[in-house]
Amino acid sequence: MAQPRARVEVTETNVRIIRKRSKISGWGVYAAEPINKNKRIVRYGGEKISAAEADRREVKYQKKGQIWCFTLNRRWFRDGNVDGTTARFINHSCKGNCYSEVVGDIVWIRASKNIPKGDELSYDYNTEGEAGMRCRCHPECTNKI
Ligand SMILES: [Zn+2]
């Protein structure tokens, strides 16, 4: 089987990131250069859908162990699996080095600390265990995402 190749990308806020196999789960996204605290790194893109539609799709995604729908507010979500950006490959971590910021219907992933080149990016999905999946941010983590 062919190894999927790492892919470097310059985001719309001019940050160099790399998508490659993650130590946490599946694909991950890594800093390809040092990133300053609070920098907007990448937009969480995806189709804007209603809460009802997000409920339908999440059932399907969760069966495959995936979480794609990002909550904008009570009525709207973004589905990173449809027209998404590289941000959809950033893993959850209970103590990550990033955080999400919702501005209207735009979602930004921002650095919560100074991130050295080569570190994997991660942030707290704040799903409160809805997906019922075990967190793998470190071997002893017992949280659900
Ligand atoms: Zn965890």
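Two strands count as paired if DSSP finds at least two bridges between them. By that criterion E1 and strand E2 (residues 16-21) pair, with 4 bridges joining them in the antiparallel sense. The model is predicted. The chain holds 1 helix and 11 strands, in the sequence pattern β-β-β-β-β-α-β-β-β-β-β-β. Its radius of gyration is 15 Å, close to the 15 Å from the globule rule for 145 residues, so the chain is as compact as a globular protein of that length.

**Overall dimensions and contacts**

- The C-alpha trace spans about 40 × 35 × 30 Å along its principal axes.
- Of the 145 residues, 28% count as buried.
- Contacts between residues at least 6 apart in sequence were examined for range: 64% of them join residues at least 24 apart.

**Sheet E1-E2-E3**

- Three strands make an open sheet in the order E1-E2-E3, and the pairing is antiparallel.
- Strand E1 (7-10) and E3 are the edge strands, each pairing on one side only.
- Neighbouring strands here are turned by 30° against each other on average, direction ignored.
- Between E1 and E2, Arg7 has Arg19 of E2 as its bridge partner.
- The loop between E1 and E2 holds Asn14.
- Asn14 is not a glycine, yet its phi is positive, near 70°.
- Is Asn14 buried or exposed? Asn14 is exposed, because 8 other C-beta atoms lie within 10 Å and the cut-off for exposed is 12 or fewer.

**Sheet E5-E7-E6 and its helix**

- A second open sheet of 3 strands has the order E5-E7-E6, again with antiparallel pairing.
- Its edges are strand E5 (47-50) and strand E6 (69-71), and each of these pairs on one side only.
- The average turn between neighbouring strands of this sheet is 35°, direction ignored.
- Helix H1 (residues 51-63) packs on the sheet and touches E5, E6 and E7. The direction of H1 makes about 105° with that of E5.
- E5 and E7 are antiparallel and share 4 bridges. Ile49 stands opposite Phe77 in E7.
- E6 pairs with strand E7 (residues 76-79) over 3 bridges, also in the antiparallel sense. Phe70 has Arg78 of E7 as its bridge partner.
- A hairpin of 4 residues connects E6 to E7.
- Strands of a sheet pair through backbone hydrogen bonds, either parallel or antiparallel.

**Helix H1 and what follows**

- H1 has 13 residues, which at 1.5 Å a residue should span 18 Å. The end C-alpha atoms of H1 are 19 Å apart, which agrees.
- Gly65, just after H1, takes a positive phi of about 70°.

**Hairpin E9-E10**

- Strand E9 (residues 98-103) and strand E10 (residues 106-111) run antiparallel and are joined by 6 bridges.
- Glu101 has Trp108 of E10 as its bridge partner.
- The two strands form a hairpin with 2 residues between them. Gly104 in the turn has a positive phi of about 65°.

**Nonpolar core**

- The largest nonpolar core has 24 residues. Those touching the most other members are Ile17, Ile41, Ile90, Cys98, Ile109 and Leu121.
- Strand E3 (27-31), strand E4 (40-43), E6 and E10 each give two or more residues to this core.
- Which residues does Cys98 touch, not counting residues up to four places away in sequence? Cys98 touches Ile41, Ile90, Ile109, Arg110, Ala111, Ser112, Leu121, Ser122 and Tyr123.
- In soluble globular proteins, nonpolar side chains tend to be buried together.

**After the last strand**

- Glu128 sits in the segment after strand E11 (122-123).
- Phi of Glu128 is positive, about 55°, although Glu128 is not a glycine.
- Glu128 has 9 other C-beta atoms within 10 Å, so Glu128 is exposed.

How values were computed:
Residues are numbered from 1 along each chain as its sequence is written. This is a predicted model: local features need pLDDT of at least 70, side-chain atom pairs count only at pLDDT 80 or more; totals for chains, interfaces and linings use all residues. Axes are lines fitted to C-alpha atoms, for helices over the stretch in contact, and angles run from 0 to 180 degrees between N-to-C directions. Two residues are in contact if their C-beta atoms, placed from the backbone, lie within 7 Å. A nonpolar core is a set of buried Ala, Val, Leu, Ile, Met, Phe, Trp, Tyr and Cys residues joined through C-beta atoms within 7 Å. A residue is buried if 20 or more other C-beta atoms lie within 10 Å of its own, exposed if 12 or fewer, and partly exposed in between; C-beta atoms are placed from the backbone. The radius of gyration is taken over C-alpha atoms; the globule rule is 2.2 Å times the number of residues to the power 0.38. The expected span of a helix is 1.5 Å times one less than its number of residues.
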